[in-house]
Amino acid sequence: MATARCDVLVIGGGITGCSTAWHLAGYGAGVVLIEQFDLNTQASGRNAGSLHGQIQHASFLEFGEGWARGFLPSLLFLAESLEMWRDLSGVLDTDLEVSLNGGLLIAETPEQMSDIERKVAIERSAGVESDLLGPPDLRRIAPYISESMVGAQLSRVEGKVNSMLAAPAYARAAVSRGVEIRTNTEVIGLDHHKNTFTVTTESGTIVADRVVLATGNDLNRFASLWGRDLPIHDDPAQVGATEPVAPMVHHLVYFAGGQLTFKQAKAGTLLIGGGWSSDIDPVTGENRVNPYNLVANMRIALRVVPSLAGVRLIRTWPGKGLATPDLAPIIGHVGPAGLVVGVYPHMGLTAGPLMGRVLARLVLGLQAEMDLTPFEPDRF
């Protein structure tokens, strides 16, 4: 079998891996990217396309204000990545259907609004601005929202993107910079000897000076290289999509009273999610839709947007996702010199553009553009 050589091998073909490969090539590195399946078929291509820029409300309620303040470096990471999303369609010469009109966190009760105000104060302390809306302003910008709702947070930086387009666009741009991409290429072995990494696949061997692991849920497949599993676990969710309707939703919508994300795609489809868990098929090990959670998700959506009652749900699918104990990313060196890992739990699509640049600079030994200490793998 043929042996290929490169400066940096990237393992993982989602948005993080494809972004990393593109940035690496921009810094002049010779890069090979390999993906076990096809590009963008796992977590970053199977979500609803939310671009997040606020502390997630359910996490805030669960873990409290102390956790929220500790999460601020992760929030600022998202904020900087969102700035990259603004121009990314032009940079990659592809309409990624990016819209950054803001995110609405809807409150149904005064108590929920009070919780939102506490969260917004913490976000503002880091320079992430939001507006607090009363009923008149909420009705003006989102007339489809139920009249029983009492207010909302309008996070100025949030939005949506077509998650099926971004990673492939990065991949095409990376190839134009000289990156070699191999799909349907499973890693059989990853070894390190005398400052060199050797990766064995069914189609041949790849020898690299450095390796970036951007494999998300499968990161711990390679844990023998650094001696212990990193604390990540699967947290798969599911999404529903309606028939196309006339334009009505211009924001990313959440609900403080239950699990909900709600947005409208460019084609008119309403995408409904919110982190509801999918199931694991006990025979195949694959994700599958949980019908009870689907019904519960639609009930909450109807509570917030009553006009959905006349709209047909035409498609559902299970996503993939992961979590870390503190919900912060894991970014850093592990094991032998030249090995770097990077994963952002739950919001990896949003973080993808910046994550690629950070990982590229890290593995090449270039000066870090931010303090990565809060994200170090050995913090656990």
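1. A word on classes to start: Ala, Val, Leu, Ile, Met, Phe, Trp, Tyr, Cys and Pro count as nonpolar, Asp, Glu, Lys and Arg as charged, and the others, Gly among them, as polar. On that basis, the lining of the second largest pocket has 9 nonpolar, 9 polar and 6 charged residues.

2. Please keep in mind that this is a predicted model, where local features need pLDDT of at least 70, side-chain atom pairs count only at pLDDT 80 or more, and totals for chains, interfaces and linings use all residues. Residues are numbered from 1 along each chain as its sequence is written, and side-chain values use heavy atoms, with hydrogens and water left out.

3. Back to that pocket (an open set of points on a 1 Å grid over the protein atoms alone, with protein on both sides within 12 Å along at least five of seven lines; lining residues have an atom within 4 Å of a point). The second largest pocket has a volume, the space filled by probe spheres set on the points, of about 400 Å³. Among its 24 lining residues, Asn-162, Met-164, Ala-265, Leu-271 and Arg-315 lie nearest its centre. β19 gives the most to this lining, with 3 residues.

4. Now for helix α7 (helices are DSSP runs of H or I, at least four residues; strands are runs of E, at least two). Its buried residues (under 20% relative accessible area, 1.4 Å probe, protein chains only) are Asn-293, Leu-294, Asn-297, Met-298, Ile-300, Ala-301 and Val-304. They lie on the same side of α7 because they cover an arc (of the directions from the helix axis to the C-beta atoms) of only 160°. On the other side, Tyr-292 and Arg-299 are exposed (over 50%).

How values were computed
On a 1 Å grid over the protein atoms alone, a cavity is a set of points where a 1.4 Å probe fits but cannot get out, and a pocket is an open set with protein on both sides within 12 Å along at least five of seven lines; lining residues have an atom within 4 Å of a point.
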